[in-house]
Amino acid sequence: MTDLSTYYMGLPVPSPIIAASSTLTSSPVCIAELARNGAGAVVLNSLFEEEIVVELNRRKESLNALNINHPEVLEFYEKLDVDEILNDYLKLIFEAKKSVDIPIIASINCVSPGKWHYFAKYLQEAGADGLELNIFTLPADMETSGQVYEEAALEIIRNTMAELNIPVCVKISPYYSGLGNMISQIDSLGVKGITLFNRFFKPDLNLDEMTIGAGPVYTDPSEYLNTLRWVGLVAGKVECDIYASGGIHDGLTAAKMLAAGAQGVQVASAMYRNGLSCLPEIIKGLSNWMESKGFEGINDFRGMLSHNKINNPAAYMRVQFLKTFAGKAEK
Ligand SMILES: Cc1cc2nc3c(=O)[nH]c(=O)nc-3n(C[C@H](O)[C@H](O)[C@H](O)COP(=O)(O)O)c2cc1C
């Protein structure tokens with residue numbers, strides 16, 4: 001009999017299979033369904049920094065139009081806005097907490113270290129068990145160095161953590177020029193975990209209509225390898241937990257992420273593609289594999305195949321296809 005219980009963001013959870021932030025985690029009804037299907041915890045759909053900032057600016061403009069620009073009045077309005085803007089999100093946290101007994105992790109999508117971090121504490125007050133900061137700016141500006149993007153992300157994390165007592169984890173993209181060092185810098189801020197990686201809208205071109213539109217929204221099951229490499233490379237070398245996200249569609253892939261050192265495994269696309277019943281399938285697949293190996297609990301094998309424990313760590317670092325590999329692939 002296998003025991004899948006573990007900790008996620010330091011909180012006890014019945015299984016390491018976590019419902020990732022998506023539109024499937026944006027209603028209390030769906031969240032209850034996720035819990036019934038065995039999710040260990042739920043990361044809520046992100047609240048967008050832009051939504052807060054746009055609303056804040058709109059209100060400031062209307063104050064300016066009235067020639068009210070006294071700093072205290074503006075500050076009062078900023079705080080007043082918090083309640084109004086976040087109302088629905090706070091209600092979601094509150095309702096979700098009432099309907100399930102697994103951890104509810106709030107999520108903020110953020111790009112700049114502006115004033116919005118102030119809002120994070122309302123999420124904590126509404127009952128969120130933790131906060132995932134979903135940080136991303138496309139580093140496309142030709143004049144801006146990678147260090148500038150990195151420092152902005154670190155400032156967001158510092159500012160937000162200063163507001164909160166609940167655990168904070170950071171979901172990042174793989175698009176940092178020095179990814180290993182960036183992970184180490186985030187870790188040094190005292191976060192509870194780092195989620196590798198977020199997935200983004202990707203544009204695609206329509207050559208019939210000569211227009212630009214959306215590429216595929218969901219991952220397919222072969223897309224887990226980059227996440228697996230980085231989980232394996234950094235898990236056990238940082239103080240914080242590492243959570244895997246990206247291409248996890250079945251129990252064996254979940255088992256690989258855990259063996260590489262992940263403390264938890266987030267699932268999104270599989271739920272869209274196969275329905276919420278994919279969760280019990282993934283859990284069963286993981287459990288069956290553990291049983292076949294004689295592992296009774298997650299810690300019996302977690303991290304066993306990470307870069308710092310595996311027999312041939314160089315394989316994690318290999319990037320070029322050698323002739324021998326190319327020959328095998330062709331057969
Ligand atoms: C429709 C959709 C909506 C998503 N919304 C969010 C979001 O609000 N915040 C976030 O951090 N990630 C969001 N994600 C990314 C997922 O949480 C996840 O990191 C990504 O899809 C990779 O995992 P997967 O292969 O299991 O889909 C979304 C993904 C999808 C497919």
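**Met9 and Met210**

I looked up Met9 first and found it buried, because its relative accessibility is 1%. Buried stands for under 20% relative accessible area, exposed for over 50%, and partly exposed for what lies in between (1.4 Å probe, protein chains only). This is a predicted model, in which local features need pLDDT of at least 70 and side-chain atom pairs count only at pLDDT 80 or more, while totals for chains, interfaces and linings use all residues. Residues are numbered from 1 along each chain as its sequence is written, and side-chain values use heavy atoms, with hydrogens and water left out.

I placed Met9 in the loop between β1 (6-8) and β2 (11-13). Strands here are DSSP runs of E with at least two residues, helices are runs of H or I with at least four, and both are numbered from the N terminus. The phi of Met9 is near 55°, which is positive although the residue is not glycine.

I then turned to Met210, whose phi is also positive for a residue other than glycine, near 55°. Met210 sits in the loop between β10 and β11 (211-214). Is Met210 buried or exposed? I noted it as exposed, because its relative accessibility is 67%.

**Cis bond**

I checked the backbone at Phe197 and found that the peptide bond leading to it from Leu196 is cis, with omega near 0°. Phe197 belongs to the loop between β9 (193-196) and β10 (203-206). For background, most peptide bonds are trans, and most residues other than glycine have a negative phi.

**Ligand**

Which residues are closest to the ligand? I listed Ser21, Ser46, Thr219, Gly247 and Ser269, out of 20 residues that surround the ligand. A residue counts as near when one of its heavy atoms lies within 4 Å of the molecule. By class, this shell holds 7 nonpolar, 11 polar and 2 charged residues. The nonpolar class is Ala, Val, Leu, Ile, Met, Phe, Trp, Tyr, Cys and Pro, the charged class is Asp, Glu, Lys and Arg, and the others, Gly among them, are polar.

I went through polar side-chain atoms next. Ser46 has one 2.7 Å from a nitrogen atom of the ligand. In Asn198, a side-chain N or O atom is 3.4 Å from a ligand nitrogen. Thr219 places a polar side-chain atom 2.6 Å from an oxygen atom of the ligand. The protein buries 90% of the 600 Å² that the ligand exposes when taken alone. These areas come from the Shrake-Rupley method with a 1.4 Å probe.

I also noted that the ligand takes up the space of the largest pocket.

**Gln266 and Glu132**

I located Gln266 in strand β13 (residues 264-267). Gln266 is buried, because its relative accessibility is 1%. Its side chain makes a polar contact of 3.0 Å with the side chain of Glu132. Such a contact is a pair of N or O atoms within 3.5 Å; within protein, one must be able to donate a hydrogen and the other to accept it, and residues adjacent in sequence count only if both atoms are side-chain atoms.

**His117 and Arg158**

I found His117 in the loop between β6 (104-110) and α4 (120-125). His117 counts as buried because its relative accessibility is 17%. Its C-alpha atom is 7.6 Å from that of Glu163, 46 residues apart along the chain.

I found Arg158 in helix α5 (residues 146-161). Arg158 is partly exposed, because its relative accessibility is 38%. From C-alpha to C-alpha, Arg158 and Gly190 are 9.2 Å apart, with their positions 32 residues apart in sequence counted as the separation.

Methods. 1 Å grid on protein atoms, 1.4 Å probe; cavity = no way out; pocket = protein on both sides within 12 Å on 5 of 7 lines; lining within 4 Å. Sits in = over half its atoms within 2 Å of the grid points.
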